[in-house]
Every structure is written in C-alpha cells, then in structure tokens.
Amino acid sequence: MASNRPAPEGPSAYEFDDRLDDRGAFPGPGDPGGNGDGPWEEWNPTEESVRSVRGKHRVAKQRSGGLARGGTVLGVGVIAAVGASGMASAEDRPPVPISMPDVGGMADNLSDALPDAASLPVVGGLISDAGSSTDAAPASGSTVAAASGPLTQATRTGAEDGSAGPGEALRSRILQQADAQQGAAEQEARDTAEHSAVQLAEKEATAHQQSAEKAAAAKKAAEMEAKRKAEEAARRKAEAERLAKLAQSFTAPVASFTLTAGFGEAGDRWAADHTGQDFAAPTGTPVKAIHSGTITQAGWAGSYGYRIVLTLDDGTELWFCHLSSMVKTSDKVNTGDVIARVGATGNVTGPHLHLEVRPGAGDPIDPMPWLRDHGINV
C-alpha cells in the first residue's frame, strides 16, 4: 500500500516572530503584510466535504493526543518557536492553523491507477488458491479454469505461468507423457478394432456373396432340370399322342408272329446281308396292309417268291415276300385290309413273311424302328 506524501516543510520559529503584527498576532488576509489570499476560514471536514472511502483504502487515523503525520514538520516548527519565545508568550499567541492533505482522494486516484491484483502473476495464483479453498467466488476466468479443471490441466497451467516449482513442472511433464502414451494406445486400439471390423465385414460380405452365388447356381440348375424334365415330359406326351394317332392308321402286318431273322444279318440262305425283317407264322396266316396305299406290283419275284409291293402316299414302298397266295394285286387299299397269306415260296426254309421298307423306292432300311415310329408295337 502506497504511503502518504510528506507535508511541505513549515516556517521556522524565527519566521513566525517576524510575521507577528503589533498586536502580537499573525496578520490576516486583509491586514497589511498579509498574503492576500482572502479571509481565513477554519477547515472542519464534514461528511459532505470528505469523499467516500472505496475499496480497501482508508484514511489513516490520527494518533490520540498527537498531530497527523502530514503536519509533523509544522509541529516541530511550532515547538521551536515556543522554546525561543518562552512558554508564557506561546500561551498568549493564537493557535496555529494546521492543514491536512486529502488522503481519501489520493487513495482513490492511486487505486484507479494500480492494475487489478488478480492479473498479477504471483498474486493471481495466491488469490486463486485462496478462492479454491473457500466458498468465495474466483478472482478471474483463468483461475476458475485451473481450479475446476482436471488435475493434469491445473498442474500444467501452474507450470506454464511459473508459479509452480521444479517438482510440479516435472510432474506435469510426466503426466503429459502419460496422457500422450495413453492417447496413442487408445488410438492404436481403435485403429486395430476398425481394421478387424473391416476385415470381418469383408469376410462376411465374401461369404454372403459366395453363398448367394451358390444359391443362385443351385436355383438355376434346379430350374434348368425342372425345365428339362418338363420338356421331356411334354415331348413324351406329344410322342405318345402322335403314336396313338398313328396307331389308328398303322397296323402290324400279321396278328400273331415270331421275329426270326433281322435286318443286316449274314447267312448262307441269301446272297447278301439280310435286307428285311422275318415274321414267322403258319402258312395261310392273313397278311394285312400296314397303311393305306396303292398296290403297284404283285407276282413272282425269284428268290422272294410271291411278292406284293404296296406304295404309300409319301413314296415309301413296303415289300411283302414269300407269300403262299395274293388276295389283292392292284388298286388302293386301306389300313388293315388283307392283301395276302403267309407262305414259304422262294428261297426259304419255312413259312414266314419277309417285310422290307424302302423309303422313296430306294435302298431298304431296318423295318423295326420304322414300324415303332409309326405306332406299331412289334
């Protein structure tokens, strides 16, 4: 706290003697030899004239029975004057006026010029420490942050502003390093977890995609199999319908028979490989027209014996050979008409019907597939 400035040095006792008038008193403002400052007035401070005391600055109290420090020098001068002129003459003289400076105004001006105590580095730290240990409000925002924050932050703040010692600074650095290591470990753990999650998601996505592809392939295969079966069933149905329809217009050449020599077999009974299919049956068994057509040939044919050639509408020739007799030798015939009878004429070893099928009146083919393709079950 700033001290009061010293009062100006008062006049000596000799100067007081020189200034006395003929009455032995000091001249007033209007008297000859006065200073011309106007009439003297006694200064009596009141509540209106004294400024109100603000803050913690107060006017220093005067000591009991003594003078204020501001008038110390003047008091010394008065004592010297009394000693020079004698106690009796001092008692007869009027009282010496004493002036005091405006201590309250000086304190207010000084307090306005001084900086805030909380802004000072060391004092601010002391105030913040005091405020944190009591219920009083903090002095500044930085102190509140240091007091209310975590321990590491508060210690770091003290080390930065220079209010903490070397131990606190070392502790702050250790805590900072621990925080950095912990943050790095947590970041590494997060990165590892994220990488693992990405890999797991990729594996799951791959497995899901493979499963979906397998399911799609299995579904496609099942659909294709079902389609194939459906097509096969439809084909079989259509073929059955076709054969049933053909069966109405085609018939077997003999009602009761035994299949003997087949197409393409070799033997000593014919000059080349067998060119037809033999149906063994008793002599005289009726031979029927397999399909409607026109008899184009009928008669003896050498090693074939008696032979009838039935030409169908599509040009296919059916040869009926080794006949014992011929019932029809010309004209059109219908399916199932009896055209001849089984015999053993020509180059044979027993009674049978030799049947040949020649598409387009050309070379012979195997009669059995042709008969089955036309609905004849043989």
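**Reading strands, core and a buried charge**

Guide: Strand β3, residues 286-288, pairs with β8 in the antiparallel sense over 3 bridges, and since this is a predicted model, what follows describes the model alone.

Visitor: Which residue of β8 is the bridge partner of Val287?

Guide: Bridges are read residue by residue along a strand. In β8, Ala340 is the bridge partner of Val287, and Ala340 is also the bridge partner of Met326; β6 and β8 run antiparallel and are joined by 3 bridges.

Visitor: Which residues touch the most other members of the largest nonpolar core?

Guide: A core can be read through its members and then through the elements that supply them. Here the largest nonpolar core has 27 residues, of which Val287, Ile290, Phe320 and Ile339 touch the most other members, while the elements giving two or more residues to this core are β5 (306-312), β6 (317-326), β8 (338-342), β9 (352-358) and α9 (367-373). Leaving aside residues up to four places away in sequence, Ile339 has contacts that include Val287, Ile308, Phe320, Met326 and Val333.

Visitor: Which side chain of opposite charge is nearest to Glu317?

Guide: For a charged residue, one looks at burial, then at possible partners. Glu317, placed in strand β6, is buried and yet has no salt bridge, the nearest side chain of opposite charge being that of Arg358, 5.6 Å away, where a salt bridge would require the side-chain nitrogen within 4 Å of a carboxyl oxygen.

Visitor: What joins the side chains of Glu317 and Trp319?

Guide: A polar contact of 3.3 Å joins them. Beyond residues up to four places away in sequence, Glu317 touches Val309, Leu310, Thr311, Glu356, Val357, Arg358 and Ala361.

Methods
Residues numbered from 1 in each chain as written. Predicted model: local features only at pLDDT ≥ 70, side-chain atom pairs only at ≥ 80, totals over all residues. Heavy atoms only, no water. Core = buried A, V, L, I, M, F, W, Y, C linked by side-chain atoms within 4.5 Å. Buried < 20%, exposed > 50% of the residue type's maximum accessible area, 1.4 Å probe, protein only. Helix = DSSP H or I, 4+ residues; strand = E, 2+ residues; numbered from the N terminus. Contact = heavy atoms within 4.5 Å. Lys, Arg positive; Asp, Glu negative; His and termini not counted. Polar contact = N/O pair within 3.5 Å; in protein donor to acceptor, adjacent residues only side chain to side chain. Pairing = 2+ DSSP bridges.
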